[in-house]
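Reader: I would like a close look at a single part of this model, with the cut-offs stated wherever a term depends on them. Please begin with the part I ask about and then work outwards from there.

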Amino acid sequence: MRSSPSTPTACCGTIRCDKNHGLRCSCDGSVGSPGVHSWTMSSTPTKSSLSQASRGTIQRWSQTLIPTVRQAPSDAEMPSHIFMIRAGFIRQVGAGIYNYLPLAWRSLRKVSEIVREEMDAAGASELLMPAFQPMELYAETKRDVDYGDLLFTLEDRHGRKVALGPTHEEVITSLMCGALTSYKQFPLNLYQIQTKFRDEFRPRAGLLRGREFIMKDAYSFHLDLEGEAGLNATYDKMHQAYTNIFTRCGLDFSAVEAEAGPIGGSASHEFMVNCAAGEDTILVCPESGYAANVEKAEIGKRAWSFDVAPEGELVKHHTPNMPGIHMVAEHLGTTPSLMLKSIVLQTLEESPRWVVAVVRGDHEVNESKVRDAIGFAVQLAPEKEARAAGFVIGYVSPKTVDTIEMTMVVDPDALGSGSWATGADEMDHHVTGFNWSREMSNAIGNDKIKIADIRNAEAGDPSPRADGVFLEARKGIEVGHIFKLGTKYSEAIGLSVLNKDQKKQAIIMGCYGIGVSRTLAACIEMSHDDNGIIWPAAIAPFHVHIVVIKPKEPEVQAAVGALSDELAEHGIDVLIDDRAERPGPKFKDADLIGLPIRLTISPKTLEENGVEFKLRTDDAKGSMHPRDTVVQRCVEILSAVMDSGG
RNA sequence: CAGGGUGUAGCUCAGCUUGGUAGAGCGUCUGGUUUGGGACCAGAAGGUCGCAGGUUCAAGUCCUGUCUCCCUGACCA
């Protein structure tokens, strides 16, 4: 079993000390003496950490904090939020701020450990940077503006402005300015697992979007894109490491192509946990395996032509006070999919130029795709300026290309009909019967219109990677994101070294994030039933849940002690429910917490020399299993699911 | 940030319209009876009604302000 590489010493089942401190419980180590643990410095050291390295943890319910509740606070709506509170994993402190109680912390540590092992194996080194970051660092990269209110800021007693780190590109880049001195040091990949702070507009859904959350972030440094030491090689390694991490965590996930977002950079992938309740939409090609998020997804080749026969005259209609395309469509007796939407954009230049993007009424313009199509970054034009230039905002039609100096880009799907409804370039008026070849002959003849994929992809669009196959939509929760940053930060902060040719060269960077606490929540969203959580073994807080019926009976205590010891010897983490509760609540709580294996011991099972065995995934009530082989059974099952990444 | 909602016991909520002794269920504690899927009986503890002003003889209830938390949107690990 690959779990628990450094489990703390357990004596009587209570874990209170780290193995290296030489602390031992002064009780006799027998299991039948609950409540008499006292901790003292021992004159004889504990067994070496080596010999105990693979021993599992034994934890008694009565000696930890697992405040399960029957009714979750009305605040909680998402299953992960509800169950984490009901099962005693977390408690809320403020909006987007939570206590991680012992069960949650154990799971978080297990995720972190998997992350560490895979990152280390991929050649990265762990470090820890401060959460406090001087604001000046952000001024250099202008992210104080880009991040804006998302940045938690505070002022110290001297009036110095400080930010609580939402990520650490600035800090690590400036660190490297003083530490990276030679081209011989590349490549370098550094990571940390740390609490991050983002003043989210709207924190929600428990750990899914907190204002304070645990994140693994890694940053790599290179002189080249290609080659063994290049960014691309490390990026691929990280892609593989992430695949390993989420597989080992037992998650059902997809790696999808993504937009780089405000962090900047050239290429990026998101790792999404697949689940219907996810807030992100991804599009997948069932044939080729292509997957991308909505912002990024390409659309396959679509046939188009300006020459579609007109169906009637161009007619002007009075359409006052109709906000939204749906109302206009209704008034004109048509549907948004038979209308043209002309969005006025401008290039992000010192003296911006006009760009008009035309899509079908039911489609959404994608600014990144417009950028790719025309070669310049664009943004939605400020309404005032657009009006001043002659655009009748709300009633813009493609005909504006004849009267205003601009670049016009049209999506192929906006050409599929011979008769469109669109704006009349006149306040409070629309037209019907708009025909491209008839109305736009001047512009078409002068080659003033560009045709390109400029809209968000949707389910049902042709796949960009397989002919005749259509994209399907899936929902997911983003748990990881990797970026090729390029030189954005190194140039802004002035990170460079002399290369072999003694020339100053900016450093190429990559960055790689995993939402550790979000992963926990996403896992529960993905894997639960009406009764509670269903943990994958690898990140369950414990592997085995022992329900003790009549825990005061000496024979029962002895049997539980022996069984849990034996399980721990095999590296299995055990939670013993030794509360003086009736069986009902114990079984309910076991389902709620959702450990992979439940073992029940009672005077009855002892009589039969057995243990009741039940997997969390079993619907039945569990069945009797011979005592002498039950440990082996647990080992086999846990090994099997953890090796297969489940 | 915009729109909507909320705040009374650890949790879920009633009480507010029409001002007059602070309520219920669950949970907790004590004693007893129970003991394989959230038991039963008897008893007990627990709330400056988010906060600050105001109106009133009297405010959980009416008025003003303020804060909190939640939901819907754009952003993101």
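Which residue follows helix α8, and what are the sign and approximate value of its phi?

Author: The residue after α8 is Gly-375, and its phi is positive, near 90°. The model is a predicted one, in which local features need pLDDT of at least 70, side-chain atom pairs count only at pLDDT 80 or more, and totals for chains, interfaces and linings use all residues, while side-chain values use heavy atoms, with hydrogens and water left out. Residues are numbered from 1 along each chain as its sequence is written, and chains are lettered from A and ligands numbered from 1 in the order of writing.

Helix α8 itself spans residues 367-374, where helices (H or I, at least four residues) and strands (E, at least two) are DSSP runs numbered from the N terminus. At its start, a side-chain oxygen of Asn-366 comes to within 3.0 Å of the backbone nitrogen of Lys-369. Lys-369 is also one of the buried residues of α8 (under 20% relative accessible area, 1.4 Å probe, protein chains only), together with Ser-368, Val-370, Ala-373 and Ile-374. These buried residues pack against five strands, namely β17 (340-347), β18 (354-360), β19 (378-380), β20 (407-410) and β23 (449-451).

Of those strands, β17 leads on to the second largest pocket, to whose lining it gives the most, with five residues. A pocket here is an open set of points on a 1 Å grid over the protein atoms alone, where a 1.4 Å probe fits, with protein on both sides within 12 Å along at least five of seven lines, and lining residues have an atom within 4 Å of a point. The space in this pocket is about 490 Å³, and its lining consists of 21 residues, with Lys-341, Ser-342, Ile-343, Gly-394 and Tyr-395 lying nearest its centre. Besides β17, the elements that give two or more residues to the lining are α7 (325-332) and β21 (420-423).

Elsewhere in the chain, strand β14 (residues 280-284) pairs antiparallel with β24 (residues 472-486) over five bridges, pairing being counted if DSSP finds at least two bridges. In that pairing, Leu-283 stands opposite Ala-473. Three bridges also join β14 to the antiparallel strand β15 (residues 291-293), where Asn-293 is the bridge partner of Ile-282. The two strands β14 and β15 form a hairpin with six residues between them, and Gly-289 in its turn has a positive phi of about 85°.

Another region is an open sheet of six strands with mixed pairing, ordered β3-β31-β30-β32-β33-β34. Its edge strands are β3 (58-60) and β34 (623-626), each of which pairs on one side only. Four bridges hold β33 (residues 610-615) antiparallel to β34, and there Phe-613 stands opposite Ser-623. Helix α16 (residues 583-593) lies across β30, β31, β32 and β33 of this sheet.

Arg-86 belongs to helix α1 (residues 79-86), and its C-alpha is 9.0 Å from that of Asp-589, although 503 residues separate the two in sequence. Leaving aside residues up to four places away in sequence, Arg-86 touches Pro-67, Thr-68, Val-69, Arg-70, Ala-72 and Leu-592 (heavy atoms within 4.5 Å).

For chain A as a whole, there are 18 helices and 34 strands, and 53% of its 646 residues count as buried. Among its contacts with a separation of 6 or more, 69% come from residues 24 or more positions apart.

How values were computed. Axes fitted to C-alpha atoms, helices over the stretch in contact; angles between N-to-C directions. Buried < 20%, exposed > 50% of the residue type's maximum accessible area, 1.4 Å probe, protein only. Polar contact = N/O pair within 3.5 Å; in protein donor to acceptor, adjacent residues only side chain to side chain. Points joined across faces, edges and corners; volume = space filled by probe spheres on them.
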